[in-house]
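Good morning. I will go through one structure today, taking helix pairs and then salt bridges. Please have a look at it before I start.

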Amino acid sequence: MIKHYLTVFLISMVPIAELRAAIPYSQAVGLPLIPSYVIAIIGNMLPVPVIYLFARKVLEIGSDMPSIIGKFCRWCTAKGEKGGEKLQTTAGRGLFVALLLFVGIPLPGTGAWTGTLAASFLKMDFKSSVLAAMCGVLLAGVIMMTLSAGFFSLIQ
């Protein structure tokens with residue numbers, strides 16, 4: 001059982017998968033919903049301050065490399081800039097709420113990693129970025145918890 005909780009934690013830390021994959025995994029292996037939710041939230045939020053403080057700088061340095069690493073860094077930078085532009089145009093002054101919803105709606109390409117990277121490209125302040133990401137992760141967790149519990153109760 002500890003192995004499955006650790007897997008939930010690690011999946012929730014992975015970009016793109018995040019808790020959108022961790023919570024359904026927890027239900028597929030039969031873990032209790034609330035502890036799985038809490039572990040997935042912690043795992044999903046753990047990288048957020050690091051992403052905000054360092055990811056942009058690392059990506060800018062890596063973008064100059066002429067290899068697969070450079071190509072990947074340029075792709076991530078473009079994704080962050082695109083996410084930031086999308087947030088800025090739809091949000092105007094409501095950037096906090098827009099970031100919260102961007103992170104919180106569990107669609108492909110959204111989530112804490114992309115949202116925090118976009119916030120750093122938009123030069124949002126650290127506290128607002130982390131708080132919006134946290135609220136968005138909580139929202140995404142509730143949505144995924146509801147969908148996963150419903151789906152797995154139907155197939156049992």
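**Helix contacts and salt bridges**

In helix α2, the residues Glu18, Leu19, Ala22, Ile23, Ser26 and Gln27 meet Leu33, Ser36, Tyr37, Ala40, Ile41 and Asn44 of helix α3. Sorted by class, the residues of this contact are 7 nonpolar, 4 polar and 1 charged. I should say now that the model is a predicted one.

How do these two helices lie against each other? Helix α2 covers residues 18–28 and helix α3 covers residues 33–45. Their axes come within 9 Å and cross at roughly 155 degrees. Angles over 145 degrees count as roughly antiparallel, and α2 and α3 are therefore roughly antiparallel to each other. The crossing of α2 and α3 is right-handed.

Let me take one residue from that contact. Serine 36 is in helix α3. Is serine 36 buried or exposed? Serine 36 has a relative accessible area of 1%, and buried means under 20%, so serine 36 is buried. Setting aside neighbours within four places in sequence, serine 36 has contacts with Tyr5, Val8, Ser26, Gln27 and Leu31. Ser26 and Gln27 also appeared on the α2 side of the contact with α3.

Next, the second helix pair. Helix α6, residues 95–104, and helix α8, residues 126–155, have axes that come within 7 Å and cross at roughly 40 degrees. On the α6 side, the contact is made by Phe96, Leu99, Leu100, Leu101, Val103 and Gly104. The α8 side includes Ser128, Ser129, Leu131, Ala132 and Ala133, and further along that helix Leu139, Ala140 and Ile143 are among the residues taking part. Which classes of residue make up the contact of α6 with α8? There are 13 nonpolar and 4 polar residues, and no charged ones. This crossing, like that of α2 and α3, is right-handed.

Now the charged side chains. How many salt bridges does a search of the whole structure find? The search finds 2.

One of them joins the side chains of arginine 20 and glutamate 18, at 3.9 Å from N to O. Both arginine 20 and glutamate 18 are buried. Glutamate 18 is also listed in the contact of α2 with α3.

The other salt bridge is between glutamate 60 and arginine 56, with the closest N and O atoms 3.2 Å apart. Both residues lie in helix α4, which spans residues 48–62. They are 4 residues apart, about one turn of the helix. Glutamate 60 has 40% relative accessibility, so this residue counts as partly exposed.

That is where I will stop.

Technical notes: Residues numbered from 1 in each chain as written. Predicted model: local features only at pLDDT ≥ 70, side-chain atom pairs only at ≥ 80, totals over all residues. Heavy atoms only, no water. Axes fitted to C-alpha atoms, helices over the stretch in contact; angles between N-to-C directions. Left-handed = near helix turned anticlockwise from the far one by under 90°. Contact = heavy atoms within 4.5 Å. Nonpolar A, V, L, I, M, F, W, Y, C, P; charged D, E, K, R; others polar. Parallel < 35°, antiparallel > 145°, perpendicular 65-115°, else oblique. Salt bridge = Lys/Arg side-chain N within 4 Å of Asp/Glu carboxyl O. Buried < 20%, exposed > 50% of the residue type's maximum accessible area, 1.4 Å probe, protein only.
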